[in-house]
Amino acid sequence: MNFLIYLINGIGLGSVYAIIALGYTMVYGIAKMLNFAHGDVIMIGCYTVFLTMTRYGMNPYISVALSVVVCTLLGITIEKIAYKPLRRATSLAVLITAIGVSYFLQNAALLLFGANTKSFSNVVNVPGITLADGALKISGTTIVTVVVCIVIMLILTWFIKNTKAGQAMLAVSEDKDAAQLMGVNVNGTISLTFAIGSGLAAIAGVLFCSAYPTLTPYTGSMPGIKAFTAAVFGGIGSIPGAFIGGILLGIIEILGRAYISSQLSDAIVFAVLIVVLLVKPTGILGKKIHEKV
Amino acid sequence: MAKLNLKSIKKSSKDAFITYALVILVYIVMQILLKGGHVSSLIQGLLVPMCVYSLVAIGLNLCVGYLGELSLGHAGFMCVGAFTGAFVSKALRDSVQSNLLLFMIALIAGVVMASVFGFLIAVPVLRLKGDYLAIVTLAFGEIIKNIVNVLYVARDDNGYHFAFSDTKKMNFDDSNGIWLINGAKGINRIPNLSNFTIGIVLILIALIIVYNLVNSRSGRAIMAIRDNHIAADSVGINITKYKLMAFTISAAIAGAGGVLYAHNLSTVTATPTNFGYNMSIMILVFVVLGGMGSLRGSVIAAVLLTLLPEVLRGLKDYRMLIYSIVLIVMMLFNWAPKSIEMRKRLAEKFVKKNPTKEEA
Amino acid sequence: MKRFNKVVSAAVASAMVLAMAACGGNATDGSQAASSAANSNAAASSEATGNTGADQTTGTSAGTFVIGGIGPLTGGAAIYGNAAMNGAQIAVDEINAAGGINGAQIKFLKEDDQHDPEKSVNAYNSLKDQGMQILMGTVTSTPCVAVADKAFADGMFVLTPSASSTDVIVNDNVFQVCFTDPNQGAKSAEYISDKKLATKIGIIYDSSDVYSSGIKDTFVKQAPEKGLAIVAEEAFTADSKTDFSTQLQKCQSAGAELVFMPFYYTEASIVLTQANNMGYAPIFFGVDGMDGILSAENFDTKLAEGLYMLTPFAADAKDAATVKFVDAYQKNYGETPIQFAADAYDAIYIIKAAIEQANVTPDQSIKEIGDALTSTITTIKYDGITGSDMTWAASGEVSKAPMAIIIKDGAYASVE
């Protein structure tokens, strides 16, 4: 019985990682850059929801929608100012700039919102499910997170396969120059990717903070790095991979903590990650890269 | 005359000599200023940390700039070096009288341990590439940090006591012995053995090692692997051997940085800020900002970026915000193709105006 | 391009040397050149010269004491550092408004250490350049160990508001306002057993944190003597402190009637929420880091109902001193102060009391002041908002009575 409880908790935690990883992997797949500021965009999204709901008493749905708008605009702005000038530079330069952006967002939030912990109120008011005479509980937040995650995954997959913009993304991810030659607006496509990725970050943030209700300017950095790990785990660039990677990471973390050692749960997660990558060097669903000389 | 001499030397060794000269010059100037009492406590306190980060940046540059493999785990090697070094010097404090000798022993222990870890990690890591390699090194760094936090070593009259995560099994009472490594509390009361001179000497040694390596046959093999490993393989370069070599040396230098770090403060603990991925990333920032494959750039970037948040202290609450903006602007200035073009144009003008300046 | 790089690097290198020389040449101005607070600079630099020789520049005969404060003002621990600095500032303002210490005003300078020992030493050096004579800090333990060592070499008096590890006070010049970690662990075990709250105890703690594991270690050591059985001992780390369901589940499965939580309220609020979600309702017992949980913005206080904590400070205590402090804090910073703020507030007043007792003056050297305060602090008795009848042992440890508090109807209430 305990095992089932741990498993469900693991899925709950994993679904939050998964939804953040979706944004990571999407931006990586198209722009080929690790957007380390993704976690901090999540944090800004959470503050937007928090402030509009508690200070101005807005309806939760409207405030979530507003937060999606804020994050989307933020994502586009960051891309324009910090990443676009480096489009032709090495990917490492963009990575470092992303870290600069991450520091900037954290410190700006610290100045704007203060260092004190805010308690996030659960936006999800869906009742949980109780199984096996109350011994097994699945919280509403977990159910909603998993469902939202799957829905987003399906929409994204459909979008990339069946729309013109999606096809353009695919083309840009394969070969920027060739895509440009074929008349694809590369800059526009990358901006769109950032916009979608950041919009997803807002939703991920709301679900994250609903499940784990504290909010500080540094809330985003740790789940950000975990989600990055999850995205690599599943095969970075692959949308279903991010989902699987996230869920697996959550389950491993919880089971490792429960059955091996609670002090070493970080080490266990990373050790499993290393073993998986050694067996499958491009992650669970990653594409094999064929190199040309 | 000087011009002639410089031109006759090979370009690569000229590059190395300029770097050595720069480091020595900075050292001499600083010594003169220190003697004259013109240096504030803040800058005095920053001298050793600047050496630490320069060292680790040199090490990481070998891995990222020359070998072309992205490592996000160098803080882990620093951590191994720091803990091994601090452990050794604390354990031997009573039996070794000379400070320099004690530091040398600690340094050797730290460097050896860091290279062992570097080697062990390099073996599996070599199979991976790019971001997958980055995440695996990050994972190793985090594992090291996590394990150090549950490591307990103590010494009393009965000898050494070890424990992993569970202190109850140690049979150790702290009333008649001392803790050497105390879990999350780390190592305390480490003898203060680092100083600026040792730091500069270590930097010079690291520079000499790396410059000589990259200008040797092995170095050319390493760079050939970076540029095209399939081609390198086809001309008979033993890829595994050279990758292992570069990665291990890189880890060893980071370990030396760790030893220097630990002996500058009286305490060393493995926290996310000093030995977590944040630090690994910070060192990567030095390397990328300074220019991959430019050791001089790494040192300058490490010094500047260590100095920057401290001289910004006057900005009070806005300090870290301004720091992040400066970081972004510097990256754009250094790497954006447009800015490079603009700098080129400016440079041409500059060179035309002052034809002699370029040799400076 | 190559040539240009060389020119740039040469230029940068020379600029660096010049910058260092500039900082060295006029330490105070160099490190504060960018500061907008120009007027405070003048005082600082006059003080910097003042403390080495006779004080002629400040005008008033009594002079100015420069007290430095170090704590994490940015980074993950920023809550604690900012609270402490705010609390200290209130005390300084009150003292200055009331005529200072023996007529001397206090100038309070704060620096950020990001909860990192190396940055903390930098902050210490920077404050020294600005003329600091007494250190109120550092706020967190690990940085304090590093700074205390440097301060010992300078002979500076150090009073830390909240660095509670015993490693902090190994040097003679360092004193604490807060309880030591072992003390808190032992007192908690004693209280739980005396009041017969429970016998089966589950512990959740942060194994990567000095404070948390320090308290846990002594608690575990003391528990058997007090007839308490530890049925679960579960850790979390700084890198995974979002999900506590497993730790709670283990405590529940092991039948823990009381869950001991030696960590801060930020994490505790998640623990309480998750316990509530899974329908687990043991007695929750925290220590001083738990204080502040009710004032976290938007926190559902129902979750904390029945939470015990052993803390020296309660923001809604009704005594005049606490009310005055809490009012001033709310007026200036718009928040309810947490225990860190109260500790730092007391720390400034304790420094004042010690200075008055020792009769030191601002024109004495750092070491003279340090030696005088180190020997007098053990003779004074201080009544503050974080405890009455506080006295200090030469070891640096404070002796005061902890208060047990229970949360009842969404408010702190004292229990005897």
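This report looks at the nonpolar core and a few unusual backbone spots in a predicted model.

## The big nonpolar core

The largest nonpolar core counts 366 residues. The members that touch the most others are B:Leu55, B:Ala57, B:Ile283, C:Ala88, C:Tyr345 and C:Ile348. Within chain C, domain 2 (63-179 + 318-401) and domain 3 (182-311) each supply at least three residues to this core.

Take C:Tyr345 from that list for a closer look. Skipping its neighbours within four places in sequence, C:Tyr345 is in contact with C:Gly87, C:Ala88, C:Ile90, C:Ala91, C:Phe325 and C:Ile385. One of these partners, C:Ala88, is also among the core members that touch the most others.

## A cis peptide bond

Most peptide bonds are trans. The one from C:Gly137 to C:Thr138 is cis, though, with omega near -10°. As for where this happens, C:Thr138 sits in the loop between β3 (134-137) and α6 (141-154) of chain C.

## Two positive phi values

Most residues other than glycine have a negative phi. C:His115 goes the other way, with phi near 55°, and its spot is the loop between β2 (105-112) and α5 (117-129) of chain C. Is this histidine buried or exposed? C:His115 counts as buried because 27 other C-beta atoms lie within 10 Å, and the cut-off is 20 or more.

C:Lys196 has a positive phi too, near 50°. This lysine is in the loop between α7 (181-194) and β6 (200-206) of chain C. C:Lys196 has 8 other C-beta atoms within 10 Å, so it is exposed; the limit for that label is 12 or fewer.

Terms used: Residues numbered from 1 in each chain as written. Chains lettered and ligands numbered in written order. Predicted model: local features only at pLDDT ≥ 70, side-chain atom pairs only at ≥ 80, totals over all residues. Core = buried A, V, L, I, M, F, W, Y, C linked by C-beta atoms within 7 Å. Domains from an automatic or database assignment. Contact = placed C-beta atoms within 7 Å. Helix = DSSP H or I, 4+ residues; strand = E, 2+ residues; numbered from the N terminus.
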